[in-house]
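Me: Could you walk me through how the parts of this model touch one another? I would like the reasoning behind each label as well.

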Amino acid sequence: MVSPNTKSFLIDVLLVSPFLLLLVFFIAIPFAVSIYYSLTSGSSSSFTLSNFIQIYSSPSYLNSIQNSVVISLESAALSTLFGALLAYAFTLLSPTVRDIIRSVLLLPIIYPGLVIAFSLVILIGTSGILTNILAKYFGFYLPDVFNVRSYGGLILAYQSFLIGFTSITLSGVFLSLDKSLIEASRSLGAGVFQTIFRVVLPVIAPGLVAAFIQAFIIAISGYGTALALVGGGGNLITLRIIMLLSDVTYEPHLASALAMNIAMITIPLALIYNRLLKKVAGGVV
Amino acid sequence: MKLSDALYVFSKIVSYITLFAIIAYIFLVSFVPVIGAFALKWEFSILPEVWTLNNIKFLLEDPFVLRSLYSSLLIASITSVVSVTIYLLVIMFLFLRERSRWVHTFVEVSVLIPLMLPAILIALAIYEVYRPTMLGGTYWILVFAHLTIVSPYVFRNLYSVARMIDMKTLIEAARSLGAGVLTATYRVILPNIYHGLIGAMLLAFAVSFGDFEMANLLAPWQYRTVTIAIFQYFFKNAWNASAIILLVIIVSVLTSFLVAYLSRKALARYVEVVR
Amino acid sequence: MKEVKLVGVSKYFGSTVAVDNVSLEVNKGEFFTLLGPSGCGKTTTLRMIAGFEKPDKGRIYIGEVLVNDLPPEKRNIGFVFQNYALFPHMTVFENIAFPLKLKKYSESEIRRRVKELLSLVKLEGFENRYPRQLSGGQQQRVALARALAREPDVLLLDEPLSNLDALLRIELRRELKNIQRKTGVTAIYVTHDQDEAFSLSDRIAVMNKGRIEAVGSPDSVFNSPRTLFVARFLRYKNIFEVKVGKDTVELFGRQFPLKDFNVEVAEGKMYVAIRPDTLHVYTKPPEEIGGDYIVLEGKLVDKLFYGSETEIYVNVQGYELITLVSTSLANTLKVGDNLYLLVSKKDLKFLTP
Ligand SMILES: Nc1ncnc2c1ncn2[C@@H]1O[C@H](COP(=O)(O)OP(=O)(O)OP(=O)(O)O)[C@@H](O)[C@H]1O
Ligand SMILES: [Mg+2]
């Protein structure tokens, strides 16, 4: 006869062990291994910083890091701005309309980023449909001013799904922003700008930062969209990692070290994000 | 008109215009491949100049595409069922008895880890660790990788449902009425969390089905997925690729609407819907 | 006969002591209430009796059985939750039938029992409604019927009325008492509302910071507080620190022999409490007072109108005493008037800190 304590302990173990196994074998161990890889070279098993030295002494790798960071910052800033405007628009809409629009915004989140990239190429690529139409009827050749297979195009493509994330995260904040708070501030004699900067901004600031971080992390860690849109022509960290993992060159150690550069940026940001999320209701994940 | 009123009207107009522009943009990028799937020639007009069903025929006949469709369905199905099972058990664990705040925080944070790390990093590491093992060369390696990236979605979904139905109290109520843990789960928890379970399963399915970044590295040769097929065919024939994209879009649209529908239905049990 | 017995029960959550060495006995058929402010450990005590929490120390008996290691489903209890906890996917009938089905009663027996219980809680005709289609009061009645269905040895209720509006709360309070009387079930009731506790209970335990500070009949608990906390919690308004000597006590600047007061007191710092309604107000010195009374002379400092009664504040030797008089009398008084307060010595309650 098992004692009641043992029995409830066994039930607990039964319930959590699949999760713990997944956590250990497919997250913890792989992460540990990538740290190990980044600190070793293929030839010997002793620890070395050679991978990182190679990265930081190569202008081209440094440039890829810079490009990734800049593009992700720009994408995050734009999508946070648009997300905030959308979230504000949500507060003006009826709940039913809001729900419909939200599910439309959710769509690109579960699409592969690849699809968006291809759609954009079909639409406004060098021989895209819109490009052709503009050229034919207006004599205006779009790729002269905006080449979609560029970093600019990438930022445009990112917006399609980043805005989904930011607007849904922010709509929780905006909906909880009490109208009476603004009215109270106005009634106390504060002007429009004072109200915005002293009352509204402090309330929504955590949400804005959370949305920005979320968008930044998604933008800097993905590669599907970039591969489809700029392909080998782009110098981004994730694209460089992919190149290091091709059939021709397979260098997992250097690739891990490159990936670590992303992780070193995203992990602290994600921790801040998780903190902020507690203050902000809602969000996709 | 006062400055403040003018600003208010201005901000309203700007936000509506943004809303409209963004929805239009999303529709545009989402539906170009949908139309493209039925195009033979589409160059200079709003709609294709020559329509065709050949792309759909290609979709249904090309062995590589069919095979990739099969692989994606298989992998996404297994991923969704397994992940929902794992996280249902975790949720049961969290709400079966009073657990300390630390236990909750630990689970919440560890479930978020896959979001903090680039998919490529996890994929590469899983590849390096498990290629020499039994998993190497099977689609299971991709299933396990997908289990990590769907975690946040599945967990958050189930967790919020469990909170909404106040799962802990429901279990306690059932037990105070003489039901054992199993009976309480089967008779009380499952019927109440059912919609949430299906919703989480659909989300996991969609995320796994739409993944390219992990599949590109991990999918063994015989189990290349649809997203890989899209990637490979796009540069050969955009309209053929559009047909495959159409398929992915149908899956995504269906899931996202089903998820929305199910979560509304789950809510209806708690709030009388007044019409 | 003791139906529920707790012996030296303690419960810790990390460094918080939620329940601290609590011992109590509840008799069969008794309506017993745990009364106390928020966070004092009432719920935790109740949940330990139910088996939802395990005590860290001590023993819990239900009937004569030591239940420490029994899971909730094996203890024959009924639990009524603050938020009702009805099963949302089941109708009223199915909710109440749930424990009966688990007991494998026959279909017809179940129907009969549910009907009986529904009439007990006055909800006939609601069988096929879902919980979301019921008002809060109706939901709580269903929860009560469901908890009673398995004929529990003890019915545990955790602030069952606190989510209802004030009028309904009073109405349901009476019904609850009637139902408990009719069924004769032993009930342990948790509340922070003293009116609820006093009107419902056969006996009351007042809890503070995880400990029991007073146990007894409503009358004895209300009229003989022993500790500062209990007096404050029961809204004795006039509470003053007093110095107790060897056989005298100093009150309002005067010395009284200790033996005049029917309390066993310790020497040193104590408190004395006087309920406002035990102070009688006179405008002239009252004549012919017996040795059982004390007269306090003071000046009216303030009046607060409360409808038919008015609260007045009287300064006696620097102590401010509050009492109630009829508004008609209060209207004849003005601030600065000399007043005489008559109080029976037995209405001075001596309290330990
Ligand atoms: N699960 C828990 N984890 C940590 N601390 C807890 C837990 N449950 C209760 N406590 C703490 O134990 C103490 C007693 O809590 P309990 O819920 O028993 O109080 P209560 O008397 O029922 O109060 P209330 O009237 O507010 O319901 C409180 O300080 C509370 O914060
Ligand atoms: Mg409580």
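Reply: Happy to. Across the interface of domain 1 of chain A and domain 2 of chain A, the rule finds 0 salt bridges. Keep in mind that this is a predicted model.

Me: What makes up the side of domain 1 of chain A that touches domain 2 of chain A?

Reply: That side divides into 3 nonpolar residues, 2 polar and no charged. A salt bridge needs Lys or Arg with Asp or Glu, and these four count as charged. There is 1 residue pair in polar contact across this interface, both at pLDDT 80 or more.

Me: How much area do domain 1 of chain A and domain 2 of chain A bury between them, and which residues of domain 1 supply most of its part?

Reply: The two bury about 530 Å², 75% of it on carbon and sulfur atoms. On the domain 1 side, A:Phe31, A:Tyr37 and A:Ser38 supply 83% of the buried area, more than any other three residues.

Me: Why is the pair A:Asp12 and B:Arg99 called a salt bridge?

Reply: The side chains meet at 2.9 Å, N to O. The cut-off is 4 Å between a side-chain nitrogen of Lys or Arg and a carboxyl oxygen of Asp or Glu, so the pair qualifies. Across the interface of chain A and chain B the rule finds 2 salt bridges.

Me: Which helix gives the largest share of the side of chain A that touches chain B?

Reply: Helix H1 (residues 4–38) of chain A does, with 20 residues. That side divides into 71 nonpolar, 14 polar and 6 charged residues.

Key: Residues numbered from 1 in each chain as written. Chains lettered and ligands numbered in written order. Predicted model: local features only at pLDDT ≥ 70, side-chain atom pairs only at ≥ 80, totals over all residues. Heavy atoms only, no water. Helix = DSSP H or I, 4+ residues; strand = E, 2+ residues; numbered from the N terminus. Buried area = accessible area lost by both parts, 1.4 Å probe. Polar contact = N/O pair within 3.5 Å; in protein donor to acceptor, adjacent residues only side chain to side chain.
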